[in-house]
Amino acid sequence: MIRGIKEEDAEQLLDIYAPYVADTAITFEYEVPSLDEFKDRMTKIMERYPYLVLEQEGEILGYAYASQFKGRPAYDWAVETSIYVKNGAHGRGIGKKLYAALEEILRRQHIINVNACIAYPNPESITFHEKNGYRTVAHFTKCGYKLGKWYDMIWMEKMLGDHPKEPRTVLPAIEVM
């Protein structure tokens with residue numbers, strides 16, 4: 001089942017996220033956030049964007065959300081996407097299902113551009129995004145340092161629709177979910 005998150009999901013989501021922080025360069029964050037900080041992030045994102053979980057028999061196996069791409073009004077029709085799947089649950093189509101649900105809500109919000117920022121190299125994430133219709137549009141060299149190593153960063157993007165002469169107002173996710 002895919003659904004919007006609830007505040008009580010925060011601990012399970014943080015448990016999924018923590019190994020990505022501690023053990024990988026998938027996120028460039030160095031310290032696992034506190035539960036309160038993580039809840040604050042969730043709340044801020046949900047003010048405007050979708051934040052979804054895939055749950056099976058009460059266990060959250062992954063989550064995905066969209067967030068602000070840039071802080072200027074001209075960027076309203078573009079978002080950054082993020083997705084995290086629980087260790088041991090990869091390869092089961094969880095990410096694909098979450099992205100499909102996320103993109104459907106974003107279309108209803110009138111979002112057009114979806115962007116993913118990916119540490120490089122990360123062939124699994126790049127392949128996942130390519131299979132979901134994203135293409136690489138930027139490559140930055142050694143711009144992130146984590147776990148004793150320099151990482152490049154790439155941006156991938158996908159268009160959810162055409163760019164009209166006059167775009168429709170972006171709606172809060174809560175109004176279209």
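## A proline to start with

Where is P121 found? P121 sits in the loop between β5 and α4. The peptide bond that leads into this residue, from Y120 to P121, is cis, and its omega is near 10°. Please keep in mind throughout this tour that the model is predicted.

## The overall fold

Let us step back to the whole chain. Its secondary structure comes to 4 helices and 7 strands, and reading along the sequence gives the pattern β-α-α-β-β-β-α-β-α-β-β. The radius of gyration is 16 Å, close to the 16 Å that the globule rule gives for 177 residues, so the chain is as compact as a globular protein of that length. Along the principal axes, the C-alpha atoms fill a box of roughly 45 × 40 × 30 Å.

How much of the chain is made up of buried residues? They account for 44% of the 177 residues. Contacts also reach far along the sequence: among those between residues at least 6 apart, 66% join residues at least 24 apart.

## Surface and charge

The accessible surface of the chain comes to about 9900 Å², and carbon and sulfur atoms hold 51% of that area. The chain carries 22 positive and 26 negative charges, and the mean positions of these two groups are 6 Å apart.

## Aromatic rings

A search of the whole structure turns up 14 aromatic pairs. One of them joins F38 and Y63: the ring centres are 6.5 Å apart and the planes stand at 90°, which is over the 60 degrees needed, so this pair is edge-to-face. F38 belongs to helix α2 (residues 35-46) and Y63 to strand β3 (residues 59-68), so the pair links distant parts of the chain, 25 residues apart. Both F38 and Y63 are buried.

A second example is the pair of Y99 and F128. Here the ring centres are 5.3 Å apart and the planes are at 50°, so the pair counts as tilted. Y99 lies in helix α3 (residues 94-109) and F128 in helix α4 (residues 123-131), so the pair ties together parts that are 29 residues apart in sequence. Are these two residues buried or partly exposed? Y99 is buried, with a relative accessible area of 1%, whereas F128 counts as partly exposed at 21% relative accessibility.

Ring pairs can also join into a group. Y17, Y20, F38, Y51, Y63, Y65 and Y84 are linked in this way into a cluster.

## A buried asparagine

Strand β5 (residues 113-120) contains N115. This asparagine has a relative accessible area of 6%, so N115 is buried. Which residues does N115 touch, not counting those up to four places away in sequence? The list is F69, A78, V79, E80, T81, Y134, W155, M156 and E157.

## Positive phi in two loops

Two loop residues deserve a look for their backbone angles. E57 is not a glycine, yet it has a positive phi of about 50°. E57 lies in the loop between β2 (51-56) and β3, and with 82% relative accessibility it counts as exposed.

L147 is a residue other than glycine with a positive phi, here near 55°. You can find L147 in the loop between β6 (135-146) and β7 (149-159).

Conventions:
Residues are numbered from 1 along each chain as its sequence is written. This is a predicted model: local features need pLDDT of at least 70, side-chain atom pairs count only at pLDDT 80 or more; totals for chains, interfaces and linings use all residues. Side-chain values use heavy atoms; hydrogens and water are left out. Rings of Phe, Tyr and Trp (its six-membered ring) pair if their centres lie within 6.5 Å; planes under 30 degrees apart count as stacked, over 60 as edge-to-face and the rest as tilted. Buried means under 20% relative accessible area, exposed over 50%, partly exposed in between (1.4 Å probe, protein chains only). The radius of gyration is taken over C-alpha atoms; the globule rule is 2.2 Å times the number of residues to the power 0.38. Contact means heavy atoms within 4.5 Å. Accessible areas come from the Shrake-Rupley method with a 1.4 Å probe; for residues, only the protein chains shown count as cover. Lys and Arg count as positive and Asp and Glu as negative; His and the chain ends are not counted. The place of a charge is taken as NZ of Lys, CZ of Arg, CG of Asp or CD of Glu.
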